[in-house]
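Q: Please take a close look at the side-chain pairs in this structure. Place each pair in its surroundings, and keep it brisk.

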Amino acid sequence: MAKRVVMCSIALLVAGLGFADPGPDSVELTRTATILGPASSPPDHLLAAVTVTVAAGVNVAGSLTAFAIQENIPSGWTYISVDSTPAPAVDGPDPNNPEILNFVWVELPNLSSPFTMTYTLAIPASSTGGSITGQVLYRTSGGPLTSVPVTTQQDFFNCLLMTRTAPANYRAGDQVTVTVSVTSFCGTSSTQPLTAMGIEETIPATWSLVSVSGNSGDIQPAPGATGTLSFGWTTPPAAFPITFSYVLNVPQDASGNAQIDGVILSRLGPSEE
């Protein structure tokens, strides 16, 4: 019987990952942004996904009565949509200032654990040097409060897009070929050069690597490798997109859905000494 292969991939910039636990009476905002590719509209724009994570202290989470996020974007950038659960009752540009995005919730999110929303923007392909600055506006049993404003520079948006293809199904005892492609928008969306790049692919626990082909870097996993397969480029590729494939051996006793996860690790700016 054929089983299903489930795939997932994300891109990460090495610097600025994660968030610190806030104090019991504070709220902290973190933000990442990823260039997804050319926007369908308007023309000559790139689509960017901006993910905002809000972490709240225990005293705030237990007494929240109002919650909003306000983001300031550069002139000429266009708001597209937001993905959030619960959804904000109000989202998008301020009627009096299109450079201010307001997200206001009537159904309040549960801040006992970090809350995340993602919104999309269309950025002019010629834009460089822009930034996003935002903060949380909230109320507890006391008066209105704001978090410390956080700024994300366009130069450090994630600018590598990874896609992956593989058969939709597998059979125990067979082999599966996975093809990974990476497109770079770093030279378009950022004035900082790409100085390091790696890819980590996490395969099902009992599967193993058979072979690798294509532009898979000068650091590769050995045949027979299991778990996380690491590919690295000591010098970033001179041209994009790049594509490589790897073949996996599926054990005879494999069963159930199988998932492959992947992440791009990159550095923009000067190389580390």
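A: The ground rules come first, then the pairs, then their surroundings.

This is a predicted model, so local features need pLDDT of at least 70, side-chain atom pairs count only at pLDDT 80 or more, and totals for chains, interfaces and linings use all residues. Residues are numbered from 1 along each chain as its sequence is written, and side-chain values use heavy atoms, with hydrogens and water left out.

Start with the charged pairs. The whole structure holds two salt bridges, each being a side-chain nitrogen of Lys or Arg within 4 Å of a carboxyl oxygen of Asp or Glu. In one, Arg 31 meets Glu 71, with N to O at 2.9 Å. Arg 31 sits in strand β2 (residues 27-38) and Glu 71 in strand β4 (residues 66-72), so the bridge ties together parts 40 residues apart in sequence. Strands (E, at least two residues) and helices (H or I, at least four) are DSSP runs, numbered from the N terminus. Arg 31 and Glu 71 are both buried. Buried means under 20% relative accessible area, exposed over 50%, and partly exposed in between, with a 1.4 Å probe and protein chains only.

The other bridge joins Arg 164 and Glu 201, whose closest N and O atoms are 2.8 Å apart. Arg 164 belongs to strand β12 (residues 160-165) and Glu 201 to strand β15, so this pair ties together parts 37 residues apart in sequence. Arg 164 is buried, and Glu 201 is too.

Now the rings. Rings of Phe, Tyr and Trp (its six-membered ring) pair if their centres lie within 6.5 Å; planes under 30 degrees apart are stacked, over 60 edge-to-face, and the rest tilted. That rule gives eleven aromatic pairs. One of them is Tyr 170 with Trp 207: the planes stand at 70 degrees, so the pair is edge-to-face, with ring centres 5.1 Å apart. Tyr 170 lies in strand β13 (residues 169-170), while Trp 207 lies in the loop between β15 (194-202) and β16 (208-214), 37 residues apart. Both rings belong to buried residues, Tyr 170 and Trp 207. Elsewhere, ring pairs join Phe 231, Trp 233, Phe 244 and Tyr 246 into a cluster.

Strand β2, home of Arg 31, also takes part in an open antiparallel sheet of four strands, ordered β2-β3-β8-β5. Two strands pair if DSSP finds at least two bridges between them. β2 and β5 (78-84) are the edges, each with a single partner strand, so one side of each has no neighbour in the sheet. From one strand to the next, the twist averages 20 degrees. β5 pairs with strand β8 (residues 115-124) over six antiparallel bridges. There, Tyr 79 stands opposite Leu 121 in β8.

The loop after β2 has its own backbone details. A cis peptide bond runs from Ser 41 to Pro 42, with omega near -5 degrees. Pro 42 lies in the loop between β2 and β3 (45-56), and Asp 44 is found there as well. Asp 44 has a positive phi, near 60 degrees, although Asp 44 is not glycine. Asp 44 is exposed, at 65% relative accessible area.

Last, the whole chain. The protein chain has two helices and 19 strands. Of its 273 residues, 44% are buried.

Methods. Axes are lines fitted to C-alpha atoms, for helices over the stretch in contact, and angles run from 0 to 180 degrees between N-to-C directions.
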